[in-house]
Amino acid sequence: MTAKVSQADADTIKAAVNILRHGGLVAMPTETVYGLAANACNDTAVARIFEAKQRPAFNPLISHVSNRQMAEQLAIFSPLAQQLADRFWPGGLTLVLPKRPDCPVSDLVTAGLDTIAIRMPQHPVAQALIEQFGGPLAAPSANPSERLSPTTAQHVADQLGDKLELILDGGPCRSGIESTVVSLAGDQPALLRPGAIARDIIEAITGPLAKPGKTISSPGMMKRHYAPNARLRINADAPEPGEAWLAFGPTPHEAAANLSPTGDLVEAAANLFHMLRALDAHHSHIAIARIPRHGLGEAINDRLDRASV
Ligand code: TXA
Ligand code: MG
């Protein structure tokens with residue numbers, strides 16, 4: 001696959017919406033950096049983002065919305081959250097908020113956390129794309145892991161062109177630096193990532209922003225991620241008595257669930273969080289089959305390693 005770089009107009013935005021509806025990936029311009037977008041509510045589509053970026057771990061992603069109503073279906077807005085959204089949306093501020101219990105976004109987007117990061121971009125192409133798609137888009141910066149964030153359509157084509165179907169060209173990004181990420185999900189408002197909107201402008205509303213600390217979930221702090229209650233035994237070859245079997249690929253054993261009966265890692269990633277959650281609700285001991293370590297297998301194993309300690 002080689003992505004088409006297309007000047008964003010009514011027709012190409014329509015084509016992009018169509019790709020998103022079918023679970024595909026589209027690069028979209030925002031005023032901060034280009035994003036690699038997929039339907040945030042489709043597990044498989046989101047798994048494809050991680051595959052394309054070759055992220056070694058499932059870092060949580062930002063859900064992009066085009067209006068407040070869409071945002072309020074995903075998260076619980078405190079009065080302070082309302083205030084920040086009034087002031088900075090649309091724009092370069094991402095809010096991390098408590099996820100609503102009925103939030104339709106994939107567990108893979110939130111990495112199993114009970115919080116969700118939301119941003120309403122200002123770029124007219126991003127706005128139009130989300131509005132016409134009609135739901136939230138998960139979008140990390142459209143660069144391979146560890147590489148610079150792209151600020152032109154050509155950067156995306158150079159770095160990820162063979163991994164996605166369409167790159168909407170909306171010109172160079174005005175800001176060129178990622179959004180500022182502020183968490184309102186902890187005891188105190190905290191700055192999780194400095195970015196497009198300067199700290200002091202935000203602090204004028206929030207008061208001093210805390211640093212991400214022990215009580216605040218921040219990008220690298222996976223300990224705060226969803227940890228199952230059940231005992232997980234990973235890299236298992238077979239279930240032992242009393243263990244529910246979470247299989248991968250064809251298995252001779254009776255499986256409580258199978259991450260991918262055909263051994264497909266994108267499918268396994270898409271199923272990982274919701275299957276773990278479902279098994280955790282009914283079993284105290286779960287044995288998980290060995291997952292290959294190539295491709296998305298690295299991120300799946302990383303997540304399982306963390307969940308099994
Ligand atoms: O400007 C931007 O924010 C760009 C454009 C495309 O919108 N997006 C972007 O996404 O930079 P990404 O995935 O590269 O960075 C998302 C950041 C990461 O630092 C991630 O850890 C944090 O947001 N994040 C997302 N969800 C979170 C959550 N529930 N709790 C804490 N941090 C979260
Ligand atoms: Mg990034």
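User: Before I start poking around, what does contact mean here?

Analyst: Contact means heavy atoms within 4.5 Å. This is a predicted model, where local features need pLDDT of at least 70, side-chain atom pairs count only at pLDDT 80 or more, and totals for chains, interfaces and linings use all residues. Residues are numbered from 1 along each chain as written, chains are lettered from A and ligands numbered from 1 in written order, and side-chain values use heavy atoms, without hydrogens or water.

User: Okay, helix 4. Which residues are buried there?

Analyst: Ala81, Leu84, Ala85 and Phe88 are the buried ones in helix 4, residues 79-88. (Buried is under 20% relative accessible area, exposed over 50%, partly exposed in between, with a 1.4 Å probe and protein chains only; helices, H or I of at least four residues, and strands, E of at least two, are DSSP runs numbered from the N terminus.) Looking down the axis of helix 4, those buried residues fall within an arc of 100° and so line one face. The arc is taken over directions from the helix axis to the C-beta atoms.

User: And which residues are exposed on the other side of helix 4?

Analyst: Pro79 and Asp86 are exposed over there.

User: What covers the buried residues of helix 4?

Analyst: The cover includes helix 3 (68-72), strand 5 (93-98) and helix 7 (199-206).

User: Right after helix 4, which residues does the cis peptide bond join?

Analyst: That cis bond joins Trp89 and Pro90, with omega about -10°. Pro90 sits in the loop between helix 4 and strand 5.

User: Switching to the sheet: what's the strand order?

Analyst: The order is 1-8-2-3-7-4-6-5-9-10, an open sheet of ten strands with mixed pairing. (Strands pair if DSSP finds at least two bridges between them.) Strand 1 (4-7) and strand 10 (190-193) are the edges, each pairing on one side only. Helix 2 (residues 43-53) packs on the sheet and touches strand 3 (35-39) and strand 7 (137-138).

User: How many bridges join strand 4 to strand 6?

Analyst: Three, and strand 4 (residues 62-64) runs parallel to strand 6 (residues 115-119). Ser63 has Ile118 as its bridge partner in strand 6.

User: Thr94 caught my eye. Buried or exposed?

Analyst: Thr94 is buried because its relative accessible area is 0%. Thr94 lies in strand 5. Leaving aside neighbours within four places in sequence, its contacts include Ile62, Ala117, Ile118 and Val181. Thr94 and Leu192 are 98 residues apart in sequence, yet 9.8 Å apart in space, C-alpha to C-alpha.

User: Which loop holds Ala111?

Analyst: Ala111 is in the loop between strand 5 and strand 6. Its phi is positive, about 50°, although Ala111 is not a glycine. Ala111 is also buried, at 0% relative accessible area. Gln54 has a positive phi too, near 50°, but Gln54 counts as exposed at 55% relative accessibility. Gln54 lies in the loop between helix 2 and strand 4.

User: Last topic. How is the chain divided into domains?

Analyst: There's domain 1 (4-206) and domain 2 (231-307), with bounds from an automatic or database assignment. Their C-alpha centres lie 29 Å apart. The contact takes 14 residues from domain 1 and 13 residues from domain 2.

User: How much area do the two domains bury between them?

Analyst: About 1200 Å², with 68% of it on carbon and sulfur atoms. (That's accessible area, 1.4 Å probe, lost on putting the two parts together, summed over both.) On the domain 1 side, Pro56, Phe58 and Asp107 lose the most area to domain 2, together 42% of what that side buries.

Notes
Axes fitted to C-alpha atoms, helices over the stretch in contact; angles between N-to-C directions.
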